[in-house]
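User: I am a first-year student, and I would like a close look at a single part of this structure. Please take one helix, go through its surroundings step by step, and then follow the chain outward from there.

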Amino acid sequence: MSTETLNGAAELRAFLHGLPGVDRVGVEERAARLAGRSVKASAKAEAIDLAISMVDLTTLEGADTAGKVRALCAKAAHPDPSDASVPKVAAVCVYPDMVEVAVRALSGTGVGVASVATAFPSGRAPMEVKLADTRAAVAAGASEIDMVIDRGAFLSGDYAKVHEEITAVKDACGPAHLKVILETGELATYDNVRRASWLAMRAGADFIKTSTGKVSPAATLPVTLVMLEAVRDYRAAAGRQVGVKPAGGIRTTKDAIKYLVLVNETAGPDWLTPDWFRLGASSVLNDLLMQRRKLATGVYSGPDYFTLD
Amino acid sequence: MPDRLSVRKTYKLYIGGAFPRSESGRSYPVTDSKGRFLANASHASRKDARDAVVAARKAFPGWSGRTAYNRAQILYRIAEMLEGRRDQFIDELRQAGASKGAAGTEVDAAVDRWVWYAGWADKLAAVTGAANPVSGPFFNFSTPEPTGVVAVVAPDSPLLGLVSVLAPVIVSGNTTVVIASEPAPLPSITLAEVLATSDLPGGVVNLLTGHRTEIAPWLAAHMDVNALDLAGALPEHVRELEDKAAGNLKRVLRPTGDDWAGEPGTARMTAFLETKTVWHPVGV
């Protein structure tokens, strides 16, 4: 390693460890306080539509088939086929080998195609494999890449390696947006979440994302709050806006609205668009649609009236 | 030695096998037959009703998938647990206005009713199903299946009436959301404690206390409820509830004017069954 990289690594470490610590009790209390807000009637209707337009409809199963991906794409473009006023979702998120199927199914709809890459979900693969994974997904037409960081390297303090990887993947992405998955369920502390957020943003991430959905706990409100503070502070410091995507564990409309309140109160209304905030989930969409129909008809709906996915 | 302080009981809802307070935080005072304060009961909101339907829907595959024999055992177990709390129920029925003798008779009748319906669990298919004659080389069978989630407006007979409408719904594998008697909800909640300790899976029976006129229309209109038993609905509300139930073609059982002390008969069980007919070729 040259002296220059060594100096860079030392500077990065000094910077990340110089970030102020997170007050655990305070952040949990703040998140719980904001989650207690009541959003009703017309505000709720707007929140539901906004949440639907922010959903990254996701299928990341070993059992995924082209048919299932096409069905999901149809749902992404027309979440409720019986009601044209329902907005389309932001993107469909699939494994790299399904990108082509999704791109074809979504052409002309305006729904993005996101692909996980870099040996998702563990990230345990040689660098060349991760880059090849990314290039393949971009070549197949993915407009967004969701990469995972090397949590092992991060936790053992090798921040420079994580930084290098993100930079290299960002290069490989070309025009595609890069979302960096921190997998906060494995980072152990809020301090680490804050450091990983800054690390990813300095390395060029367009979005920072909480989780793969394969590790419990997935997205939580306090973790998202810490990440929202990070993007807010990063924009103030560096002048570049970075998006946030909580993923996993968001199942109900109530959950989704709690996240929207959190965004508005922490990062600000600039982030309240699908360009800067996403919800990684699939089951939440049906609940959003059921609540939407309840508001429209005045009658509680049931899961029988929406597609299974 | 000073008198012991009395331990007042908090009566709550029974949803998904747990005893939560109402989501709305409301409660209403329940008085005895002479107007004296007895306790505060939870005053359920429409959101509690929604949560109860979700719990009942979740419990449906498991409960309807059990063998009829197993459901019979669980209903019989309910009878045993009810018998064990006989004195408590007699006290609560007397507070609601029954004489000591009448209260004892009612508790005994309620226990017997569980046993009677428990016996029906594994006989329903034989009695209401059929092997149908067809002019071809086929077998043709009709078998009864549970309807799904049944919403019940319970009658004002808080123990025997409730048991008489509850047991026939769940014996065949349905799950249910029950609105307890409004003037006398306390024995109903105590019955929920019996259910909770009887191996009955959580969510099969969900019990709400509060105003019938407030909650029943939400259940009647709910698209994820499959049937509606109006046993305790006020006569002037039956028409409105039937109208709302038409939205997703619920089965509706109108108030039948039953004498709960009388012989139950099978009508209430068969009201919440669907008949499935299947063909089998002969010799395969």
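Analyst: What follows is a walk that begins at one helix of chain A and moves outward to the parts around it and beyond. Please keep in mind throughout that this is a predicted model.

The helix to start from is H5 of chain A, which runs over residues 99–106 and in which A:Val99, A:Val101, A:Ala102 and A:Leu106 are buried. Seen down the axis of H5(A), these buried residues fall within an arc of 160 degrees, so they line one face of the helix. A general point about helices helps here: an α-helix has 3.6 residues a turn, so residues three or four places apart point the same way.

What, then, covers the buried residues of H5(A)? The cover includes two helices of chain A, H4 (66–77) and H6 (127–139), together with two strands of that chain, E2 (91–94) and E3 (112–117). Just after H5(A), the chain reaches A:Gly108, which takes a positive phi of about 85 degrees.

Of these neighbours, H4(A) deserves a closer look, since its packing against H5(A) can be described residue by residue. The axes of H4(A) and H5(A) are 9 Å apart, and the two helices pack at an angle of about 35 degrees, with H4(A) passing H5(A) in a right-handed crossing. From H4(A), the residues that take part are A:Ala66, A:Val69, A:Arg70 and A:Cys73, and they meet A:Val101, A:Ala102, A:Ala105 and A:Leu106 of H5(A). Sorted by class, the residues of this contact are seven nonpolar, no polar and one charged. A:Val101, A:Ala102 and A:Leu106, which were named above as buried, therefore appear again in the contact with H4(A), as their heavy atoms lie within 4.5 Å of that helix.

Strand E3, another part of the cover over H5(A), leads on to the loop between E3 and H6 of chain A, where A:Ala119 lies. Phi of A:Ala119 is near 55 degrees, a positive value in a residue other than glycine. A:Pro121 is found in that loop between E3 and H6 as well, and the peptide bond that joins A:Phe120 to A:Pro121 is cis, with omega near 0 degrees.

A:Phe120 also takes us to another strand, because it is among the contacts of A:Ile181, a residue whose place is in strand E5 (residues 177–181) of chain A. Is A:Ile181 buried or exposed? A:Ile181 is buried, because its relative accessible area is 0%, which falls under the 20% limit for that word. Leaving aside neighbours within four places in sequence, A:Ile181 is in contact with A:Phe120, with A:Asp146, A:Met147, A:Val148 and A:Ile149, and with A:Lys209, A:Thr210, A:Ser211 and A:Thr212. A:Val116 is 65 residues from A:Ile181 in sequence, and the C-alpha atoms of these two residues are 9.5 Å apart in space.

A second cis peptide bond can be set beside the one described above: the bond from A:Ser216 to A:Pro217 is cis, with omega near 0 degrees. A:Pro217 has its place in the loop between strand E6 (207–209) and helix H10 (221–238) of chain A.

Chain A offers another helix pair to set beside H4(A) and H5(A), namely helix H2 (residues 24–35) and helix H11 (residues 253–266), whose axes come within 9 Å and cross at roughly 115 degrees. H2(A) passes H11(A) in a right-handed crossing. Here A:Arg30, A:Ala31, A:Leu34 and A:Ala35 of H2(A) meet A:Lys258, A:Val261, A:Leu262 and A:Glu265 of H11(A), and by class this contact has five nonpolar, no polar and three charged residues.

Two exposed residues of chain A complete the picture. A:Ala41 lies in helix H3 (residues 41–54) and is exposed, with a relative accessible area of 54%, while its phi is near 50 degrees, a positive value in a residue other than glycine. A:Glu164, found in helix H8 (residues 159–173) of chain A, counts as exposed at 52% relative accessibility, and its C-alpha atom is 48 Å from that of A:Ser82, a residue 82 places away in sequence.

Definitions and conventions
Residues numbered from 1 in each chain as written. Chains lettered and ligands numbered in written order. Predicted model: local features only at pLDDT ≥ 70, side-chain atom pairs only at ≥ 80, totals over all residues. Heavy atoms only, no water. Buried < 20%, exposed > 50% of the residue type's maximum accessible area, 1.4 Å probe, protein only. Helix = DSSP H or I, 4+ residues; strand = E, 2+ residues; numbered from the N terminus. Arc of directions from axis to C-beta. Axes fitted to C-alpha atoms, helices over the stretch in contact; angles between N-to-C directions. Left-handed = near helix turned anticlockwise from the far one by under 90°. Nonpolar A, V, L, I, M, F, W, Y, C, P; charged D, E, K, R; others polar.
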